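Trainee: I should like to learn how a protein model is read, step by step. May we begin with the overall fold and then turn to single residues?

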Amino acid sequence: IEGEIAVYFESCFHPRIGLSTDEDFTKPLYQLLEEKFNIVVVRSNEHIRAQQAGSIAKKLGVHASDPILVRERFVYDPGDRPVEYNIGFYRADKFTYSIDIKK
């Protein structure tokens, strides 16, 4: 819905990468990391939990006591070194989780 925010993300990158706000973020992020910094992402680990919106409520347009989902993602390179930490805050009333698993 126009004007509504359903999710809010924050990302932090390991300082050894040297990523700055001056980068060309019109490219996909992991493509940029590989082309400019020779960093290949090979693994990520995610955790999802429910909690009250609290201090993030205003950004999502909900009340502080409303439920939200919080997704934390830890991203690693082939040497299992951390590349990125990303946290996403999802409005529970606007979130759908779908998964397609094949054997």
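Mentor: Two residues are in contact when they have heavy atoms within 4.5 Å of each other. Please keep in mind that this model is predicted.

Trainee: What share of the contacts with a separation of 6 or more joins residues 24 or more positions apart?

Mentor: Contacts in the protein with a separation of 6 or more are taken as the whole. Of these, the part formed by residues 24 or more positions apart is 52%.

Trainee: In what order do the elements run from the N terminus on?

Mentor: The protein has two helices and four strands. From the N terminus on, their order is β-α-β-α-β-β.

Trainee: Why is the protein described as more spread out than a compact globule?

Mentor: For 103 residues, the globule rule gives 13 Å. The protein is well over that value, so it is more spread out than a compact globule. Its radius of gyration is 16 Å.

Trainee: Which residues of helix H1 are buried, and which strands do they pack against?

Mentor: A residue counts as buried when its relative accessible area is under 20%. In H1, which comprises residues 29–37, this applies to Leu32, Leu33 and Phe37. They lie on the same side of H1, because the arc they cover around the axis is only 100°. The strands against which these buried residues pack are S1 (7–13) and S4 (82–91).

Trainee: What is the phi of Asn38, and is Asn38 buried or exposed?

Mentor: Most residues other than glycine have a negative phi. Asn38 is not a glycine, yet it has a positive phi of about 55°. Asn38 is found just after H1, in the loop between H1 and strand S2 (43–52). With a relative accessible area of 68%, Asn38 is exposed.

Trainee: Where does Asp80 lie, and what is its relative accessible area?

Mentor: Asp80 is also a residue other than glycine with a positive phi, near 60°. Its place is the loop between strand S3 (67–76) and S4. Asp80 is partly exposed, and its relative accessible area is 46%.

Trainee: How far apart are the mean positions of the positive and negative charges?

Mentor: The protein has 14 positive and 16 negative charges. The mean position of each set is taken, and the distance between the two is 4 Å.

Methods:
Residues are numbered from 1 along each chain as its sequence is written. This is a predicted model: local features need pLDDT of at least 70, side-chain atom pairs count only at pLDDT 80 or more; totals for chains, interfaces and linings use all residues. Side-chain values use heavy atoms; hydrogens and water are left out. The radius of gyration is taken over C-alpha atoms; the globule rule is 2.2 Å times the number of residues to the power 0.38. Lys and Arg count as positive and Asp and Glu as negative; His and the chain ends are not counted. The place of a charge is taken as NZ of Lys, CZ of Arg, CG of Asp or CD of Glu. Buried means under 20% relative accessible area, exposed over 50%, partly exposed in between (1.4 Å probe, protein chains only). The arc is that of the directions from the helix axis to the C-beta atoms.
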